[in-house]
Amino acid sequence: MRQWIALSLLCMSTLLLPVSASAACDAPIKFGALTWESGQFISGVLKYIVEDGYDCTIEEVPGAGPALETALSQNDIQVIGEQWVGRSPIMEKAIEQNKVAVIGDTLKGGATQGWYVPKYVLEENPGLRSYQDLPKYAELFKDPEDPRKSRFMNCPSGWTCEIFNSRLLKNTGLEGIFNNAHPGTGAALDAEIASAFEQHKPLLFYYWQPTGLMAKYDFAPLAFPAHDDACWQDLLLADGTANCVSGFPVSPLGIAVSTPFIESNPELADVFKKVQFSSDELNGAILEMSESKRSGDEQALTFLRENPQIWQPWLSDKAATSLAAKLGINLTGEAVIADTTSSSNNRLAISSSFPSWSLETPLNNTLASVVQNYGGVFRTISTVALTYLLLPIERLLTIMPPWLIITLVTVLAWFGVRKIWFALACGAGLFLIGAFGLWGALIDTFALLIVSVLVTVVIGIPIGIAMSGSKILRKIVTPILDVMQTMPSFVYLIPVLMLFGIGKVPALFATIIYALPPLIRLTTLGITQVNHEMVEAGRSFGSTHLQLLIWIKLPQALPSIMAGINQAVMMSLSMVVLASMIGAPGLGEDVLQSIQTLNIGQGLQAGTAIVIVAIIIDRITQAFGQGKRARQKTIDAGKRPIG
């Protein structure tokens, strides 16, 4: 009897429970975690619909564009929230193989792209209207790193747009006038554009919409011929042969999903096909997201709560009602008592447990003010650093034939280590880098490395000497060094990028900041540990403070100082890849490009080149940093016959 009663109660409770809006979601649905703002926002909207409207479990998988597209084709993820149709060879191949489909029309009217200048540039130069006018106005866009030519800001290396922009630059005949500059990352490109607008400077760049930046600033497109699809398909190929010029297509924006996802979740696939925003809605949401410092999920939540009339037609009645209840609104947009157990509230509620103390807005406003008011000063510093430091050394290394550089390094390695096998290995390593086709990148890296180490030594050793003689100065500078060493190196890239522009100079200053602390610390340590009796002996003979420093303290502290220089060199080299993210050329650029294109061979070659350079520099600087006795032992060991 009791069993029948329990069974009856169980059946009744099952009937009384609210029916889930989803018929099935047997497994978690994995979304690609997109890095650009429109992709983050659209993905946020889709995640709330899937999770709160259709009661499915979601997961996010981070990764670069090509990596996510490859994962989608293998069904390792199921959804990429924003996909430009016809832009990715990986996606096109996956679609042909029926592994992936791009469904829906996310942006009404499609996404636009092109070559742009600030609107005030056109107003001040009425004759500049199309790409054909650029040779007459090339002086406006001078490249600070190569004053003989002008500069075109392309996409980051590895993006599809980088390929067709490079082809267009060549096919239009502008390649001989404009340098093809690569910012490294989309954020670096945005920073360069924002910096130019804030300072009212001319800039020629590629960009696209939907983006918040295009909603914030007045971009003026340059005219191109009408779009020719046959020409465009060839422009998408890095090894294409057509010498044609085409205008940019209006790209449909859709949601990329794996074929197994469509088969197992037909109801969600039908919803995705209905998702659509107008350009004003999408650009406005992205701009609001940027200015309010919201994440994509936070902006999606705000949008869904404020605009139920937009998303309600996309969903079934049950799903719309469920989503509205979880959002704490009714379908007219009026607030109701929120369901505190909903995933949308739980996902963002943790931030409400703390008071809102943030330095983000004041610091950003301060940086923007400095860029507006003193940007010219910092750009002057940038020009001086380029003209008198970076470019002369780079030209010298470029003029020198490769065989001479290899010979000099081989001889230097022998003098340092006194081992013939190591000297020959150094020469072979540099030859291997050249054989990989990376000699030009190596020269760029060497130039940046030499200048950054020279400046670091000129600044770091005097500060270390001053700290060794002043306890007060040590108390002041030591915490600053702690911050410089522990702060993530990515953070250094942000302010220097806005202040000095994109390219070699911001990479130089970021490298110097990163490499200074160990040199200062080891210089201070070496001098303070000099034998006190030797110092007293010098004083007894009437030596001044300067004489004590030059003839006693510095020679005794030399091994420690050289160890600091060694650490500064190695830390400067470790910034090579990070510096490529803000447009610095060199070996790091090849590593970054290989990451963005999933080119394992290219990445392995560039990584091997960096390892070879690191080993050569480390061993040579360590050898020359030894004390006299230790160095004599090394020399004597090198003279001993083998066996």
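The following paragraphs lead through selected features of this predicted model, from its strands to its surface.

Residues are numbered from 1 along each chain as its sequence is written. Since the model is predicted, local features need pLDDT of at least 70 and side-chain atom pairs count only at pLDDT 80 or more, while totals for chains, interfaces and linings use all residues; side-chain values use heavy atoms, with hydrogens and water left out.

A suitable starting point is strand 9, residues 205–209. Helices (H or I, at least four residues) and strands (E, at least two) are DSSP runs numbered from the N terminus. Five of the five residues of strand 9 are buried, so the strand is largely enclosed by the rest of the structure. Here buried means under 20% relative accessible area, exposed means over 50%, and partly exposed lies in between (1.4 Å probe, protein chains only). Cover is present on both faces of strand 9: F205, Y207 and Q209 are buried on one side, and Y206 and W208 on the other. Strand 9 pairs with strand 5 in the antiparallel sense over five bridges, where pairing requires that DSSP finds at least two bridges between two strands. Within this pairing, G114 has Y207 of strand 9 as its bridge partner.

Aromatic contacts also involve these strands. Rings of Phe, Tyr and Trp (its six-membered ring) pair if their centres lie within 6.5 Å; planes under 30 degrees apart count as stacked, over 60 as edge-to-face, and the rest as tilted. A search of the whole structure finds 29 aromatic pairs. One of them is the tilted pair of W115 and F152, with 4.5 Å centre to centre and 40° between the planes. W115 belongs to strand 5 (residues 112–118) and F152 to strand 7 (residues 146–153), so this pair ties together parts that are 37 residues apart in sequence. W115 is buried at 1% relative accessibility, and F152 is buried at 0%. Y116 and F205 form a stacked pair, 6.3 Å centre to centre with 25° between the planes. Because Y116 lies in strand 5 and F205 in strand 9, the pair ties together parts that are 89 residues apart in sequence. Y116 is buried, with a relative accessible area of 6%, and F205 is buried at 0%.

Some backbone geometry also deserves attention. Most residues other than glycine have a negative phi, and most peptide bonds are trans. A cis peptide bond, with omega about 25°, joins Q209 and P210; P210 is in the loop between strand 9 and helix 8 (212–216). H200, in the loop between helix 7 (186–198) and strand 9, has a positive phi near 60° and is partly exposed at 44% relative accessible area. Phi of N98 is likewise positive, near 60°. N98 lies in the loop between helix 4 (89–96) and strand 4 (100–103) and is exposed, with a relative accessible area of 55%.

Charged contacts come next. A salt bridge is a side-chain nitrogen of Lys or Arg within 4 Å of a carboxyl oxygen of Asp or Glu, and by this rule the count comes to 12. One of these joins E394 and K504, whose closest N and O atoms are 2.7 Å apart. This pair links distant parts of the chain, with E394 in helix 17 (residues 360–399) and K504 in helix 23 (residues 504–528), 110 residues apart. Both E394 and K504 are buried. R521 and D482 also meet in a salt bridge (2.3 Å, N to O); R521 is in helix 23 and D482 in helix 21, 39 residues apart. R521 is partly exposed at 29% relative accessible area, as is D482 at 35%. In addition, K47, E60 and D297 are linked in a network of salt bridges.

At the surface, V411, L412, W414, F415, I420, W421, L424 and F624 make a nonpolar patch of about 790 Å². Helix 18 (402–417) and helix 19 (420–435) are the elements that give two or more residues to this patch, and helix 18 gives the most, with four residues. Patches are made of residues with over 30% relative accessible area and no salt bridge, like charges being joined within 9 Å and nonpolar side chains (Val, Leu, Ile, Met, Phe, Trp, Tyr) within 5 Å. Accessible areas come from the Shrake-Rupley method with a 1.4 Å probe, and for residues only the protein chains shown count as cover. V411 of helix 18 is partly exposed at 39%.
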